[in-house]
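Colleague: I should be grateful for a close look at a single part of this model, followed by an account of how other parts are held in contact. Please begin with the loop that carries a cis peptide bond.

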Amino acid sequence: MATSTRRKSETEKLRRDFSWIGALGVLLVVAGLVGLIYTGLATLTSMILFGWLLLIGGIVGLLHAVQARGTNFFWLGTVVAALNIAAGVVVIRSPDETAAALTMFAALLFLAAGLFRVVGSLVVRGPQFGWTLVLGAFDLLLGALVLAHWPSSSKYVIGCFFSLALLFDGLGLIATGFGGRRVVGMVTDRLSKGR
């Protein structure tokens, strides 16, 4: 009887936990959709968040380096922390310029990745030849489009990527939450029929 009660409470706890995961997924999906509608605001928000993360990470790193004074890590930790703090301040003070620089970097990454995929698929001609070639062409096209409209594209590209990441992460969490609840229900049913 005690085992059955404990199993039931653990099952309910698992269901609640998976429900919370699904609810978080819904929030991320909503945030992603709002970000896709207001990409300029999403770009600005993501840059400011990025700046604060760098700043806080730099402060924590500096505290950690101070605690490790007298070791070989001290100077390296101090330099890295100072760079993070400086970068955080720069990003927070000029998020638009940071977004422009990151957009240029993203465009160049897409172009490089596309070039490597296209050339690699043509040289290797492996079993995924078609898909690799299409992905490479898509990367080249995306990089060229972003670069062609730079710097005005920097107002929406980072926000769009950030919002899409939120959207897909949210959909993954929703699937995990509902799938987890379903698995818990199936296992519970199987255990109750086995008795």
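Modeller: What follows treats that loop and then turns to the side-chain pairs and the surface.

The model is a predicted one, and every value below is computed from it. The cis peptide bond joins W150 and P151, with omega at about 10 degrees. P151 is found in the loop between α5 and α6. S154 has its place in the loop between α5, residues 129-148, and α6, residues 157-194. The two residues are linked by a polar approach: a polar atom of the S154 side chain lies 2.5 Å from the backbone oxygen of P151. Is S154 buried or exposed? The relative accessibility of S154 is 5%, and because buried means under 20%, S154 counts as buried. As to its surroundings, S154 touches T43, A99, A100 and T103, when residues up to four places away in sequence are not counted. Of the elements that are named for these partners, α2 spans residues 39-67 and α4 spans residues 95-124.

Helix α4 also takes part in a charged pair. Side chains of opposite charge can pair when their charged atoms come close. A search of the whole structure finds one salt bridge. In that salt bridge the side chains of R117 and D139 meet at 2.5 Å, N to O. R117 lies in helix α4 and D139 in helix α5, so the pair ties together parts that are 22 residues apart in sequence. The two partners can be described by their accessibility: R117 is partly exposed, with a relative accessible area of 36%, whereas D139 counts as buried at 7%.

The aromatic side chains come next. A pair of aromatic rings is described by the distance of the centres and the angle of the planes. Two aromatic pairs are found in a search of the whole structure. F74 and W75 form an edge-to-face pair, with 4.9 Å from centre to centre and 75 degrees between the planes. Within this pair, F74 is buried, its relative accessible area being 18%, while W75 is exposed, with 62%. F110 and F161 also form an edge-to-face pair, at 5.7 Å centre to centre and with 65 degrees between the planes. This pair links distant parts of the chain, since F110 is in helix α4 and F161 is in helix α6, 51 residues apart. Both rings belong to residues that are partly exposed: F110 has a relative accessible area of 22%, and F161 has one of 31%.

The last feature is on the surface. A nonpolar patch is formed there by V26, V30, V34, I37, Y38, L41, L44, I48, W52, I56 and V60, with about 1,000 Å² of accessible area together. The elements that give two or more residues to this patch are α1, residues 2-37, and α2, residues 39-67. Helix α2 supplies the largest share, six residues. One of the patch residues, I56, has its place in helix α2 and counts as partly exposed, at 48% relative accessibility.

To return to the part that was requested, the loop between α5 and α6 holds P151 and S154. P151 is joined to W150 by the cis peptide bond, and the backbone oxygen of P151 lies 2.5 Å from a polar atom of the S154 side chain.

Note on methods:
Residues are numbered from 1 along each chain as its sequence is written. This is a predicted model: local features need pLDDT of at least 70, side-chain atom pairs count only at pLDDT 80 or more; totals for chains, interfaces and linings use all residues. Side-chain values use heavy atoms; hydrogens and water are left out. Helices (H or I, at least four residues) and strands (E, at least two) are DSSP runs, numbered from the N terminus. Buried means under 20% relative accessible area, exposed over 50%, partly exposed in between (1.4 Å probe, protein chains only). A polar contact is a pair of N or O atoms within 3.5 Å; within protein, one must be able to donate a hydrogen and the other to accept it, and residues adjacent in sequence count only if both atoms are side-chain atoms. Contact means heavy atoms within 4.5 Å. Patches are made of residues with over 30% relative accessible area and no salt bridge: like charges are joined within 9 Å, nonpolar side chains (Val, Leu, Ile, Met, Phe, Trp, Tyr) within 5 Å. Accessible areas come from the Shrake-Rupley method with a 1.4 Å probe; for residues, only the protein chains shown count as cover. A salt bridge is a side-chain nitrogen of Lys or Arg within 4 Å of a carboxyl oxygen of Asp or Glu. Rings of Phe, Tyr and Trp (its six-membered ring) pair if their centres lie within 6.5 Å; planes under 30 degrees apart count as stacked, over 60 as edge-to-face and the rest as tilted.
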